[in-house]
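Hi,

Here is the structure I promised to pass on. Have a look first, and my notes follow below.

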Amino acid sequence: MSLISLVSPLASCTNTIPKLKTHIPIPNLGVGQRVLPNLFSLALALTLTSPLPSHAIPSLNSQSPPLSLTTPFSQSKSLEVGLENGKIRPCPSINPGCISTNPKSSSFAFPWRIPANSSDDAIQKLREAILKTQKNVKFQLVEDTPDGQYLQAEIDGGFGRDVLEFLVKGDVVAYRCVATKVTYVYPFTTALGDSKGQEARLKQINYQLGWYAPSFDSME
């Protein structure tokens with residue numbers, strides 16, 4: 001028997017072995033049914049793995065910036081008096097009831113000049129003129145400083161008490177008249193002032209003294 005005759009039956013037998021089916025039928029899902037579960041899984045994974053932004057979690061140690069409680073009304077409660085760097089202070093910006101010879105003031109007045117025949121005892125003459133022209137005078141301070149002789153007094157003003165301050169240096173008299181109380185009318189936030197009344201009171205003092213008081217009108 002030949003070799004070819006033996007191989008042929010085996011080949012024929014091999015070709016007749018049935019093949020096993022490994023294909024599992026998958027139902028035909030729509031596009032939306034296949035995409036939505038994938039998107040949900042992706043969103044869930046990002047939520048679990050992504051850190052929250054730092055501003056989303058409040059820190060127990062964080063402190064909010066302090067709120068400013070400074071208002072024009074609260075500032076008006078504290079009035080600074082006395083010399084500043086050897087000079088009469090300017091008028092506070094929140095106090096319209098003020099006149100000062102300090103050039104930084106919005107309500108500016110020229111210093112007085114003492115005549116040559118009245119230069120002796122200038123402070124004493126100031127005291128007498130204030131007592132004669134003003135009401136309820138209370139002298140707070142009279143002292144000699146390296147910058148001149150300083151006098152401070154309280155008098156009745158238009159909306160309460162006013163503070164008078166004078167600095168006499170040679171024949172020049174610098175001064176300030178300022179209200180100790182700033183009046184506000186609700187609901188307006190603009191303070192009421194009595195600068196005209198203070199100007200009139202200072203003129204009374206100067207007229208009693210007879211000292212030279214330059215003004216803008218005298219320069220015309």
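In what order do the elements of the protein run from the N terminus on? They go α-α-α-β-β-α-β-β-β-β-β-β-α, which comes to 5 helices and 8 strands. Bear in mind that this is a predicted model.

Some overall numbers: of the 220 residues, 27% are buried. The protein exposes about 16000 Å², with carbon and sulfur atoms supplying 60% of that. Counting contacts between residues at least 6 apart in sequence, 53% join residues at least 24 apart.

I spent some time on helix α5. It covers residues 195-209, and its 15 residues should span 21 Å at 1.5 Å a residue; the end C-alpha atoms are 21 Å apart, so that agrees. Its buried residues include Gly197, Leu202, Ile205 and Leu209, and the buried residues of α5 pack against β1, β2, α4, β4, β5 and β6. Just after the helix, Gly210 has a positive phi of about 80°.

Then the salt bridges, 8 in the structure. Asp162 pairs with Arg201, with the closest N and O atoms 3.0 Å apart. Asp162 sits in strand β5 and Arg201 in helix α5, so this pair ties together parts 39 residues apart in sequence. Both Asp162 and Arg201 are buried. Elsewhere, Glu80, Glu84 and Arg89 are joined into one network by salt bridges that share partners.

Asp171 and Arg113 also meet, at 3.0 Å from N to O. Asp171 is in the loop between β5 and β6 and Arg113 is in strand β2, so these parts, 58 residues apart in sequence, are tied together. Asp171 is partly exposed at 32% relative accessible area, and Arg113 is partly exposed at 39%.

Cheers

How values were computed: Residues numbered from 1 in each chain as written. Predicted model: local features only at pLDDT ≥ 70, side-chain atom pairs only at ≥ 80, totals over all residues. Heavy atoms only, no water. Helix = DSSP H or I, 4+ residues; strand = E, 2+ residues; numbered from the N terminus. Expected span 1.5 Å × (residues − 1). Buried < 20%, exposed > 50% of the residue type's maximum accessible area, 1.4 Å probe, protein only. Contact = heavy atoms within 4.5 Å. Areas by Shrake-Rupley, 256 points an atom, 1.4 Å probe, with all protein chains shown as cover. Salt bridge = Lys/Arg side-chain N within 4 Å of Asp/Glu carboxyl O.
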